Structures are given as C-alpha cells and as structure tokens.
Amino acid sequence: MDNQSSAAVEDGGRVFFRDVKPYAIVDRLDQLRGPAGGTVELSHSVLWAPGGGLVDLEFLIHFMQLRDRRGLAPGLGDALGQLVEAGSLTASLQEHHDFLTRLLVSSRLLSPDMSVPAAAAMAALARACGCDSGEALVQRLWAARIAIAQSWQAVFDERLEIDDA
C-alpha cells in the first residue's frame, strides 16, 4: 500500500482498489494482453456443483458486453436485461440469474460451508428462493445450470461440463 493509502486507513478513510492495485484502461479490446507464459486457471464452480452456475453466467454476460458493446450498465442484472432486449442472450437467463443470486446469498446464511443443508435449513432455503420444497429448489438449480450451459454452448461453441443427473 502506498503512503496515500496508508494515510487514508489511519484517518479512517476508505481505501479503493485503485489505491493498492494499479490498472490501465485500454482503448480497444485488441490492446488487452494476458500473461506472457504459464497457465491461467479460472474457477468454474459455484454453489453445489461445477459448471452452469452463476460464475459462468457472469462470465458470459461480461463477454457479451465486450463483444457486442451493449448492456454496459453498472449492475449485472441491468446489463443482462439490456443484453436480452438486444437479442444477445435469451430471456430465461434473467430469471436464472435472479434465482442463482438469491440462492447464493441465502446459502451463505443457511449453509455457510455450501454443503447441502439439513432438512429445516433446506426448507427455509427453498422458501427464500421461491420454491415449495428442497426438491423443487434442486430441480430449479438444474434447470438454471442447463440453460446457462446451453447459452455457453451457443456463444462459445464449447460444451460446459455439468454433471448429468
């Protein structure tokens, strides 16, 4: 942390990302550069299983924003809505995004270790996510993951690995 950031912390002020991690903004996408060598590994898991989750949907939204230069709203839900309006992504993804976001937030409260919760917590989790039962919650999770994987396939021509259940 630089002297200015240290002073802000000591004075009770806020420290911003830009204060501790410098970044540059490019004018064109072709100016972006990755690491010169090695492997970059990005996590593709969220909630109870790999693939087809919120991380993949967020990546898909950001990719479409950059590719199509649309949906450039600061909120992810708003950006997704604009991409749906523009025909870049399917309308069902808005509902899946909202559901997965509620599931993630509620899971942090009702199952902090992100394991399948006990019966009472599962019932509360289902209600928080607009489902009648734990079974309905799991079915809705699978429907969201499958829809996200299908959109991933349509955009990237690459199969997103999800468990077959």
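At what angle do helix H5 (residues 92-110) and helix H7 (residues 134-156) pack, and how far apart are their axes? In this predicted model, the two helices meet at an angle of about 130°, and a distance of 10 Å separates their axes. An angle counts as oblique when it is neither under 35 degrees, nor over 145, nor from 65 to 115, and H5 is therefore oblique to H7. The handedness of the crossing of H5 and H7 is left-handed. On the H5 side, the contact is formed by Ser92, Leu93, Glu95, His96, Phe99, Leu100, Arg102 and Leu103, while H7 contributes Leu137, Arg140, Leu141, Ala143, Ala144, Ala147, Ile148 and Ser151. By residue class, this contact of H5 with H7 comprises 10 nonpolar, three polar and three charged residues.

Several of these residues recur in the largest nonpolar core, which has 25 residues and in which Ile61, Leu89, Phe99, Leu100, Leu103 and Leu137 touch the most other members. At least two residues of this core come from each of helix H3 (54-68), helix H4 (76-85), H5, helix H6 (119-128) and H7. In soluble globular proteins, nonpolar side chains tend to be buried together.

Across the protein as a whole, seven helices and two strands are present, and their order along the sequence follows the pattern α-α-β-β-α-α-α-α-α. The protein has 165 residues, of which 31% count as buried. Among the contacts in the protein with a separation of 6 or more, 49% are accounted for by residues 24 or more positions apart.

Key. Residues numbered from 1 in each chain as written. Predicted model: local features only at pLDDT ≥ 70, side-chain atom pairs only at ≥ 80, totals over all residues. Heavy atoms only, no water. Axes fitted to C-alpha atoms, helices over the stretch in contact; angles between N-to-C directions. Helix = DSSP H or I, 4+ residues; strand = E, 2+ residues; numbered from the N terminus. Left-handed = near helix turned anticlockwise from the far one by under 90°. Contact = heavy atoms within 4.5 Å. Nonpolar A, V, L, I, M, F, W, Y, C, P; charged D, E, K, R; others polar. Core = buried A, V, L, I, M, F, W, Y, C linked by side-chain atoms within 4.5 Å. Buried < 20%, exposed > 50% of the residue type's maximum accessible area, 1.4 Å probe, protein only.
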